[in-house]
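Work through the following exercises with the structure open beside you, and try each task before reading its solution.

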Amino acid sequence: MTWLHTWGGLWAGWVLFAIFLTGTLGVFDDAITRWMKPERPLVAEVAPGSAEQRAQAVRLAQTYLQQAMPRGEFWSIGLPGESDPAIRLFWRENEDAKFQQTRLDPVTGTELDKAVDRETEGGHHFVHMHFEFHAGEAGIWMVGFFAMIMLVALVSGVITHKRIFKDFFTFRPKKGQRSWLDAHNVASVLTLPFQFMIVYTGLAIFYSLYMPAGIFAHYPNKDTYFSQLLSRPAPREETHIDAQVASLDKLLLTAETELGRRASFVSVNHPGDSSASVTVFGLFDEEENEKYLLPPGSGNVIFDGITGETLDIQMSGDHRGGEAQAVQRVMGTLHFARFGGDTIKWLYFISGLAGAIMMATGSILFMVKRRQKALNEFGSHTRRVYRLIETLNVAVIAGLCIACIAYLWSNRLIPVGIEDRSHWEITTFFTVWLMALLHASIRPVASAWVEQLSLAALLCLALPLLNWLTTGQQVLTYGLQGDWERVGVELTVIGLGLLLATMAQKARSMAPVLPPRSAVVATQQKTITASVPYRNSILMRVLAATLGGYAVASGLAILLPMVLPIARAEAVLASTLLSFAAYTGVIIWVFSARAPKRAWQGVFFLAIGCALTILFNATFGGM
Amino acid sequence: MSVPLAALAAFTLAYAGMTGLSLAMPRHYEQVAGQRVLPSGRRHFFRILGWLLLILAVVPCIQAWGTAVGVVVWFGFLTAGGLLIILMLPYLPRLAALAAAGTTIAGVLILLVT
């Protein structure tokens, strides 16, 4: 189990650190976005507007979109609201085409100058890094893969660090390796409930992507499954017959009457096609929703996009999909911190940082142990692999901090109004991160730590100055205007800068070094860990755990709905959510089995057992 | 109860409770009192007081956020309170204990007044 925790934690720790740090910053994505759009009025005071004004805005939007893309995959119209007084439009021709967006004046319908509102991904960049690394579905899969490793690392960590409860309050600074272990323990044990929650709910959000076996075994496709689960009409296939989209302003007014509240967003699927449908979303009331873990939601109405016929009305407070869906929604609320207001956002921020510190200290601890005495896990390559691990530690931990703060710098330095501006900000983020990797690989480890942490600290501490020089805005004026989101961003950045400066100072006094060459060379003979049979046995276990475990989990997701006495769609959802726990259990078992062969046998019998029961049920159960 | 006041009460009580639990362990008692011998009566006192304060911290959370959300918020404050005492103990052990006594009174007062 210690082996699993050490090595699984090491190889996954870098990616998990990136997921955790960006996710933690993403908690405040709206505040960061607000800071990154300094042209927006200091405090947005937009009158709610009348129904007629909203209808007018939708008319203007429809006229614009009809011109821009009469036919395509979707149109989305964000109505003027508190965070943005303009009409926000998004559209895309097809799945391979580029995502388009613009903003319109809500009264005249003319396109707003891009310089009026600087184009930026804002804080959403961190959210995207967090769940997909800007790599689309492949990225989501990668994050899911590492989330599973984290779940396993948490379970194995509780087993490995047996003394965590005895050492619950113990942090002994300035004691070398002991201090790193203390920091690792303390950061994990206090946030353990948070971490289990955040990983499991993260997997649950994308359950239909990660664990689709249950759905595909019981339904022809996901659309059918979701329409049955949520009792709503299934999305319609494109017919390729041209048809004119109905007047959206009328649909908007109908929807507002039905929902009994203002609308905030209109989306049109397949505009220009006879299969078009229109969804009007009610205004999301944050204060009303943050009181619940199972929020009532804002309600929505679905229309036939051509005839304007009402297809479905979901009122606020109308919960569909039974208890299983309620559980999945509560998990979503928990993961996105959509409850409890600012208090919970700050508590998540603290726990998230502690989680990132847990991963960072774990990775550093791995090398601290080996600086004293090389363990020769890689035979004659040991020294080179150690150097690689040290480099990655610096580049991922300190380097990512630099990249994140450099992203905020790029927001103030890249000229406003240029083409693809938001893209350039993200490019800056990745370029800086890559440069940090390069720097870490050519500099001595000790210097690399000090230099990168110092640079990150400097960039943080100088950010308010940069803001003042480029926009003339500063934390005092923000405070006087009562703009607490922007005040919060600047003060938090200063706080993090001080933290990074302290760490740079500590790194200077510690001066980590690689184990002396003699220590490695003296034991050139192959150690057990570097031998071929050992490596093969590890490979066998890893395969049994990942593939075998996934097969067993999928089997359960197919089998359980056959025997659970609840509605089929709900049973599929409940079983799929449970299958992640089963997957974790199988992985832990595979690594605690005495021999790889036994692990394979166990997984094999479990999978066969599932398959036979499924067959039996399918044959005699009247499936 | 208003949100800022509830947050203050929950945090002060969580911090005091966590401090109580740490003082029930000889290692941390020594950091504060200077002697490792922790009489069993005192150990029980700190342990019971600690748990009591931690449980008390759930009251303002439920009052301000309702049962479901309140319990989650409570967990968050337990983590925050624990982190603070852990960071205080090696550097300012006596101040940490004194502060805990102060926050106990502050937290209970807020609960009584509102």
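**Exercise 1.** Find how many salt bridges there are between chain A and chain B, and name the partners.

*Solution.* In this predicted model, a pair qualifies when a side-chain nitrogen of Lys or Arg lies within 4 Å of a carboxyl oxygen of Asp or Glu. Applied between chain A and chain B, the count is one salt bridge. B:Arg27 pairs with A:Asp167, and their closest N and O atoms are 3.0 Å apart, a distance that falls within the 4 Å limit.

**Exercise 2.** Describe the interface between chain A and chain B by its contacts and its buried area.

*Solution.* Begin with the contacts, where 26 residues of chain A meet 26 residues of chain B. Turn next to the area: the two chains bury about 2,100 Å² between them, and 77% of this is on carbon and sulfur atoms. On the side of chain A, the residues that lose the most area to chain B are A:Phe169, A:Leu190 and A:Leu347, which together account for 34% of what that side buries.

**Exercise 3.** Explain which parts of chain A are tied together by the salt bridge of A:Asp182 and A:Arg172.

*Solution.* The whole structure holds 25 salt bridges over all chains, and in one of them the side chains of A:Asp182 and A:Arg172 meet at 2.9 Å, N to O. A:Asp182 belongs to helix 6 (residues 177–205), whereas A:Arg172 sits in the loop between helix 5 (136–160) and helix 6, so the pair links parts of chain A that are ten residues apart in sequence.

Terms used: Residues numbered from 1 in each chain as written. Chains lettered and ligands numbered in written order. Predicted model: local features only at pLDDT ≥ 70, side-chain atom pairs only at ≥ 80, totals over all residues. Heavy atoms only, no water. Contact = heavy atoms within 4.5 Å. Buried area = accessible area lost by both parts, 1.4 Å probe. Helix = DSSP H or I, 4+ residues; strand = E, 2+ residues; numbered from the N terminus.
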